Amino acid sequence: MTTDTRWAWAEIDLDAIEHNVRLIGERVSPSAVWAVVKADGYGHGAVDVARAALAGGAEGLAVALVAEGMELREAGLDVPILLLSEQPPHTAGHIVEHNLTPTVYTVDYVDALAAAGAHGLPVHMKVDTGMQRVGAQPDDVLALVEAIQRHGDQLRLAGVLTHLAVADDPGDDFTREQLARFDDVLSSLPAAARDDVLIHAANSAGALAHPDSRRSLVRAGIAIYGISPGPGIDARAAGLRPAMSVRTKVSHVKRVPLGSRVSYGLRHEFGRETTLATIPVGYADGVPRRLSEVGGEVLICGTRHPIVGAVTMDQLMVDAGDHDVHVGDDVVLIGEQTGPEGTDRIRAEEWADRLGTIGYEIVCGISARMPRVPRRSIER
């Protein structure tokens with residue numbers, strides 16, 4: 001497969017998304033699953049991912065930005081869409097117009113939503129139980145509830161949530177402390193603020209590793225893309241299928257002599273005569289410039305080959321040794337490939353481990369100039 005304009009693309013397995021959502025749903029039942037599709041579906045394509053997640057049983061969606069929610073509405077998706085944090089007050093009219101569900105944690109923002117012409121708009125109240133990023137402090141929650149209730153014709157308290165800071169480390173007691181603080185806040189709410197209200201705390205790591213965090217729903221993000229939330233969750237992420245693969249083709253091949261050097265800075269010197277293959281992707285596509293310095297590899301014909309020299313903006317180089325490599329051969333940077341020597345897979349988590357980061361950053365970092373090619377293995 002190629003795209004119309006270049007030999008590089010990110011292939012998105014929508015059946016994997018659907019499978020992952022269904023698997024998470026089975027594990028967290030009776031809690032519902034709301035799929036987090038912010039940042040263009042973590043780089044996978046928000047609209048396609050959202051549809052696949054809903055087919056897998058998700059009952060709602062979550063995004064970071066008003067524009068992200070508007071995109072889903074304009075695609076015809078008629079399910080709850082939660083905005084995960086307060087947005088600029090001037091966007092309140094868009095929130096009301098597109099029936100998005102805002103998260104609130106300040107009285108000023110509650111007032112801005114009510115003033116934007118809302119009528120019965122559901123809102124979710126966020127409580128900061130220790131993440132220290134956003135959310136109402138526990139002592140301020142009752143005043144916030146009163147502010148929502150003052151606008152009873154315009155706003156309706158439909159949910160209460162918090163966010164877990166270290167759920168990806170099951171051995172850390174702080175998650176238990178956060179949930180205890182959350183329960184204290186919930187018990188302090190007036191009865192009218194608890195009836196028919198969705199309660200949620202679990203992100204992907206919470207959903208997989210902390211049963212106590214599975215309340216009315218779980219907000220499943222990275223797990224629906226088949227990526228473990230962190231090393232401490234790897235065993236619990238078994239069965240999830242990676243949805244993104246990054247693929248390209250060999251664009252140039254030549255033999256280079258012993259002692260020759262390659263790429264900007266000429267930092268890599270060849271210790272033998274070898275075959276050098278050029279691959280037409282680079283850091284402008286989301287391949288980190290220093291991936292070669294930390295042992296980055298690609299698959300060609302099912303065999304791993306090291307990236308050598310600095311990754312450049314549009315191209316990188318691979319030491320193919322004495323393998324028979326040709327222009328046009330398929331290359332996998334992230335994903336699975338089968339060749340004469342068997343089948344191998346390079347995962348986003350592998351890049352993350354080598355680069356000292358997390359799988360989230362890897363898939364979100366695959367740039368928009370890399371065409372997304374959604375696929376289904378099952379005809380529909």
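**A walk through the helices and loops**

Let us start where two helices meet: H1 passes H3 in a right-handed crossing (the near helix is turned clockwise from the far one by less than a right angle). The model is predicted, so local features need pLDDT of at least 70 and side-chain atom pairs count only at pLDDT 80 or more, while totals for chains, interfaces and linings use all residues. Residues are numbered from 1 along each chain as its sequence is written, and side-chain values use heavy atoms, with hydrogens and water left out.

Stay with that pair for a moment. H1 covers residues 14–28 and H3 covers residues 46–55; the two pack at an angle of about 45°, and their axes are 7 Å apart (axes are lines fitted to C-alpha atoms over the stretch in contact, with angles from 0 to 180 degrees between N-to-C directions). H1 and H3 are therefore oblique to each other, a word for angles that are not under 35 degrees (roughly parallel), over 145 (roughly antiparallel) or 65 to 115 (roughly perpendicular). On the H1 side, Leu-14, Ile-17, Glu-18, Val-21 and Arg-22 take part, and they meet Asp-48, Val-49, Ala-52, Ala-53 and Ala-55 of H3 (contact means heavy atoms within 4.5 Å).

Now step back to the whole chain. It has 11 helices and 20 strands, which are DSSP runs numbered from the N terminus (helices H or I, at least four residues; strands E, at least two). Along the principal axes, the C-alpha atoms fill a box of roughly 75 × 45 × 40 Å. Of the 380 residues, 55% count as buried (under 20% relative accessible area, against over 50% for exposed and in between for partly exposed; 1.4 Å probe, protein chains only). Among contacts with a separation of 6 or more, 66% come from residues 24 or more positions apart.

Helix H8 is a good place to look at burial. What does H8 bury? Thr-175, Gln-178, Leu-179, Phe-182, Val-185 and Leu-186 are its buried residues. Seen down the axis of H8, these residues fall within an arc of 115°, so they line one face of the helix (the arc is that of the directions from the axis to the C-beta atoms). An α-helix has 3.6 residues a turn, so residues three or four places apart point the same way. The buried residues of H8 pack against helix H7 (141–150) and the strands S7 (155–161) and S8 (198–200). Turned away from that side is a face carrying the exposed residues Arg-176, Asp-184 and Ser-187.

Further along, Glu-350 sits in helix H10 (residues 348–355). With 18% relative accessibility, Glu-350 counts as buried. Setting aside neighbours within four places in sequence, the contacts of Glu-350 are Glu-297, Arg-304 and Arg-345.

Finally, some backbone details. Most residues other than glycine have a negative phi, and most peptide bonds are trans. Ser-29 and Pro-30, however, are joined by a cis peptide bond, with omega about 15°; Pro-30 is in the loop between H1 and strand S2 (32–36). Tyr-42, in helix H2 (residues 38–42), has a positive phi near 50°. At 7% relative accessibility, Tyr-42 is buried. Leu-266 also has a positive phi, about 45°, although it is not a glycine. Leu-266 lies in the loop between strand S12 (261–262) and strand S13 (268–269), and at 38% relative accessibility Leu-266 counts as partly exposed.
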